[in-house]
Amino acid sequence: MKNYIEDTYKQVRLQEGQRVIEQFLLACYFHPNLPTKELARKVLLPVPVATAIKKELIKAGAILQGSGVRCTAEGEAFIEQKLGYGGLDRELYEKLMRDDEAWKTELADLQEEMEAIFAGRPQVDVQLDQSKCTVETSMRRAILCLRHQSLVGKKILCVGDDDLVSISLGLLLKRLFPTGQGRLERIDVVDIDERFLQYITDVSKQKALSVACHQADLRQPLPKKLQGGYDCFFTDPPYTLQGMALFLSRGISGLQKQKGLSIFLSFAHKSPDFTLNMQREFVLAGLTVREVLSHFNEYEAAQMIGNKGQMIVLTTTELTAPTIKQPFLKSLYTGEETPSKREYQCKRCKGSIQVGAQAKIVTIEQLKKRGCPRCKHQSFELMSRRRAQD
């Protein structure tokens, strides 16, 4: 079978990259008989560029012009077999693509299923800047991936996944393709935390999802088997500038060398100066910002960031490349960059306990698990917090 996308791209060398040809073809498939101007609007292209793509796809036999533009039988077969849309629940897909809030009713039972899964996930490790996003956030990330046409038939990498985005992606795909036949997508997770990797693996087996886990320290380059093959990646990195740059670099090394690929970066809302430095990192990595969704992410018990975070959707360009290629030896996590000492008081015996990187008990989670050294009570109140050097 012809690869209409690659063949057309060879003839029409678009600055936007070959992904826009795929989007044009999908628009013809899902919205047959639209005029060229309307197709151009849907894929955000100038009309002359859309016309050039249309002419080449007609010449190749993928689409035809009548009262509007639509796919030929060969074009439909290519989309269903090679792009992975065969067996799609088209009604559900079109509802989710058309309406931002449709998933809340259409996938209400899936959200209940995710609630049960999230209830069993491991305790976060604050030393790794982990924080638990809500079920709704994880599902909204999966829907966002779908709406950017980065889910169906794609290879997806999760660079760290204490938020179980891989599970949300897998369950959404399972719902979109009820027969499960001919599925092409692949979801891989790379993380240092073996607890989460084991949990994701167990859930994936139980739910029959196409998710694979790989243990790796991202201070080191991405394992070679994970390099250069993915269509997009998700990451919710440590909320330090160097943490963001490192996780972005490792994710970029996993992507195919292609323009127009999506990166889904979750990050805390930061000051204007910090945001400027973030944007400099994007430019250095050859990335453009497609959209910024404020307050998109919500977290449980993450008071330090106000329980909210932003989603930044980035796009690859001709210049995209990792800014960090070698092993990373500098401070990475928030606790390393600004170590602190905290004093907690036991709510039962009123005893004082020191918590911090230089104390016997490093995190409040460890303290709650062990209990008060005096009375074993597991409820505490924060009394003071200061930098370790103070």
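The following legends describe close-up views of a predicted model.

**View 1. Division of the chain into three domains.** In this predicted model, the chain is divided into domain 1 (4-83), domain 2 (90-316) and domain 3 (339-387). Between the C-alpha centres of domain 1 and domain 2 the distance is 29 Å. Their contact draws on 15 residues from domain 1 and 14 residues from domain 2.

**View 2. The area buried between domain 1 and domain 2.** About 1,100 Å² is buried between these two domains. Carbon and sulfur atoms contribute 41% of that area. On the side of domain 1, the residues that lose the most area to domain 2 are Arg-19, Phe-30 and Leu-83. Together these three residues account for 50% of what that side buries.

**View 3. Salt bridges and polar contacts between domain 1 and domain 2.** Two salt bridges are counted between the two domains. A salt bridge joins the side chains of Arg-19 and Asp-231, with an N to O distance of 2.3 Å. Six residue pairs are in polar contact across this interface, both residues of each pair being at pLDDT 80 or more. Helix 2 (residues 19-30) gives the most to the side of domain 1 that touches domain 2, supplying six residues. By class, that side of domain 1 has six nonpolar, five polar and four charged residues.

**View 4. A salt bridge within helix 3.** Helix 3 spans residues 36-42 and contains both Glu-38 and Arg-41. These residues lie three positions apart, about one turn of the helix. Their side chains meet in a salt bridge, with 2.9 Å from N to O. The count of salt bridges by this rule comes to 19.

**View 5. The open sheet of eight strands.** The strands follow the order 3-9-10-8-7-4-5-6, and their pairing is mixed. Strand 3 and strand 6 (211-215) stand at the edges, each with a single partner strand, so one side of each is left without a neighbour in the sheet. In general, the strands of a sheet pair through backbone hydrogen bonds, in either a parallel or an antiparallel manner.

**View 6. Antiparallel pairing of strand 9 with strand 3 and strand 10.** Strand 9 covers residues 287-300 and runs antiparallel to strand 3 (residues 132-133), to which two bridges join it. At this pairing, Cys-133 stands opposite Tyr-299 of strand 9. Strand 9 also runs antiparallel to strand 10 (residues 308-316), and eight bridges join these two strands. Here Leu-293 has Met-311 of strand 10 opposite it.

**View 7. Parallel pairing of strand 4 and strand 7.** Strand 4 (residues 155-159) and strand 7 (residues 232-235) pair in the parallel sense, with four bridges between them. The bridge partner of Ile-156 in strand 7 is Cys-232.

Note on methods. Residues are numbered from 1 along each chain as its sequence is written. This is a predicted model: local features need pLDDT of at least 70, side-chain atom pairs count only at pLDDT 80 or more; totals for chains, interfaces and linings use all residues. Side-chain values use heavy atoms; hydrogens and water are left out. Two strands pair if DSSP finds at least two bridges between them. Domain bounds come from an automatic or database domain assignment. Contact means heavy atoms within 4.5 Å. Buried area is the accessible area (1.4 Å probe) that two parts lose on being put together, summed over both. A salt bridge is a side-chain nitrogen of Lys or Arg within 4 Å of a carboxyl oxygen of Asp or Glu. A polar contact is a pair of N or O atoms within 3.5 Å; within protein, one must be able to donate a hydrogen and the other to accept it, and residues adjacent in sequence count only if both atoms are side-chain atoms. Ala, Val, Leu, Ile, Met, Phe, Trp, Tyr, Cys and Pro count as nonpolar, Asp, Glu, Lys and Arg as charged, and the others, Gly among them, as polar.
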